[in-house]
Amino acid sequence: MSFFNKRYFTVIIETRAPSPPTPYVSISYMYPTDGGQNQGNYEVGCENNWNFGGGAIYGGEVDFDLEIINELTGKAKCLDSLLTKNGTNFVKDLLKNFEGESEFDIKIRSQDKVVSKGKEVNATTTKPVNKIITINISSSKLNQHAALDGARTILHEYIHADIFRKLNTKYIEDLDFKRTYDAYGTQHEVMGALYVNKMRDALKYFHKNVLTEDFNKYTAYYGEVPSDDFYEALAWRGLKEHNVKAWTDLSTERQEEINELSIRVDVLTKAVICSN
């Protein structure tokens, strides 16, 4: 058949090879039922990018009928309160990055010592039992660490818990988190690939705006404000010890730089003050 005064038109359609599907991520997040860090910084059961505000990545909202059963005490309770009630709710923002409804609740509790595989660790997060995902925070370890590092541990474990929620939740829409998880293999691999930068940004905001006195002490002690590289180095704690691919892919020079910056957190303030 011909058109337009019997002229023929050729339509050339150019295509590009399809890109790999964008992973569906949660903060959220991310670790196997046991994880790890080196001595003093070892988390277990927690296998990098979240938004402090705004909508979820896919434009939806997570089901916030989620109950967090809080059985924390002492320093852990104080830090958790600052993370959830002071200004930006870091935990809520962490848990809302994916659309979907979950029937699983989270219990977070303090224990004098948390042991995994015969070794005392900072924390563990276990897969759901009777629809409860349990986070155990070591009081003895947390009390030894800087407040900022303690906040990192708590957020790290909430990420693990969120991953367990996503892996066991049926989505209303086709947001198959398991496909992303399977592509990386473990929660730590997922976090190393996708959560480091977001954890970095969260720690930076929390340090400057919530642990402000400690932020100022760091600036006075080192003669400079904490850099993004410092917070990234802190975010790598609990991940680099697992030799996740995102870490091993870094140059030796970059790894050394991160390791040198990471130890700065150990001179920061351990105490944290809460109003109640």
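The following exercises, each with a worked solution, concern a predicted model.

**Exercise 1. The disulfide**

Task: Determine how many disulfides the structure holds, and which residues form a disulfide.

Solution.
- Step 1. Recall the chemistry: a disulfide is a covalent bond between the sulfur atoms of two cysteines.
- Step 2. Count the disulfides: the structure holds one.
- Step 3. Identify the partners. The sulfur atoms of Cys78 and Cys274 lie 1.8 Å apart, and these two residues form a disulfide.
- Step 4. Locate the partners in the chain. Cys78 belongs to helix α1 (residues 74-85), whereas Cys274 lies in the segment after α11 (252-262). The two are 196 residues apart, and the pair thus links distant parts of the chain.
- Step 5. Assign the handedness. Because the torsion about the S-S bond of Cys78 and Cys274 is about 95°, the disulfide is right-handed.

**Exercise 2. Accessibility of the two cysteines**

Task: Decide whether Cys78 is buried or exposed, and classify Cys274 by its relative accessible area.

Solution.
- Step 1. State the cut-offs: a residue is buried under 20% relative accessible area, exposed over 50%, and partly exposed in between.
- Step 2. Apply them to Cys78. Its relative accessibility is 9%, so Cys78 counts as buried.
- Step 3. Apply them to Cys274. Its relative accessible area is 24%, and therefore Cys274 is partly exposed.

**Exercise 3. Strand pairing around β3 and β7**

Task: Establish in which sense, parallel or antiparallel, β2 and β3 pair, β3 and β7 run, and β6 and β7 pair.

Solution.
- Step 1. Begin with strand β2 (residues 68-71) and strand β3 (residues 105-111). They pair in the parallel sense over four bridges. In this arrangement, Glu71 stands opposite Arg109 in β3.
- Step 2. Proceed from β3 to β7. These strands run parallel and are joined by seven bridges. Asp105 stands opposite Ile132 in β7, and Ile108 has Ile135 as its bridge partner there.
- Step 3. Turn to β6 and β7. They pair in the antiparallel sense over five bridges, with Thr124 opposite Asn136 in β7.
- Step 4. Consider the covering of β7. Six of its seven residues are buried, and the strand is mostly covered.

**Exercise 4. Positive phi values in loops**

Task: State where Asn130 and Lys117 are placed, and what phi is found for Asn130 and for Lys117.

Solution.
- Step 1. Asn130 lies in the loop between β6 (123-129) and β7 (132-138). These strands form a hairpin with two residues between them.
- Step 2. Although Asn130 is not a glycine, its phi is positive, about 50°.
- Step 3. Lys117 is located in the loop between β4 (114-116) and β5 (119-121). Its phi is near 55°, again a positive value in a residue other than glycine.
- Step 4. Assess accessibility. Asn130 counts as exposed at 74% relative accessibility, and Lys117 counts as exposed at 72%.

**Exercise 5. The nonpolar core and helix α4**

Task: Find which helix gives the most to the largest nonpolar core, and describe how α4 crosses α6.

Solution.
- Step 1. Describe the core. The largest nonpolar core has 57 residues, and those with the most contacts inside it are Leu83, Ile137, Leu148 and Phe206.
- Step 2. Name the helix. Helix α4 (residues 147-167) gives the most to this core, contributing 11 residues.
- Step 3. Examine the axes. Those of α4 and helix α6 (residues 187-194) come within 11 Å and cross at roughly 115°.
- Step 4. Classify the angle. The two helices, α4 and α6, are therefore roughly perpendicular to each other.
- Step 5. Add the handedness: the crossing in which α4 passes α6 is right-handed.

Conventions: Residues are numbered from 1 along each chain as its sequence is written. This is a predicted model: local features need pLDDT of at least 70, side-chain atom pairs count only at pLDDT 80 or more; totals for chains, interfaces and linings use all residues. Side-chain values use heavy atoms; hydrogens and water are left out. A disulfide is a pair of cysteine sulfur atoms within 2.5 Å. Buried means under 20% relative accessible area, exposed over 50%, partly exposed in between (1.4 Å probe, protein chains only). Two strands pair if DSSP finds at least two bridges between them. A nonpolar core is a set of buried Ala, Val, Leu, Ile, Met, Phe, Trp, Tyr and Cys residues joined through side-chain atoms within 4.5 Å. Axes are lines fitted to C-alpha atoms, for helices over the stretch in contact, and angles run from 0 to 180 degrees between N-to-C directions. Angles under 35 degrees count as roughly parallel, over 145 as roughly antiparallel, 65 to 115 as roughly perpendicular and the rest as oblique. A crossing is left-handed if the near helix is turned anticlockwise from the far one by less than a right angle, and right-handed if clockwise.
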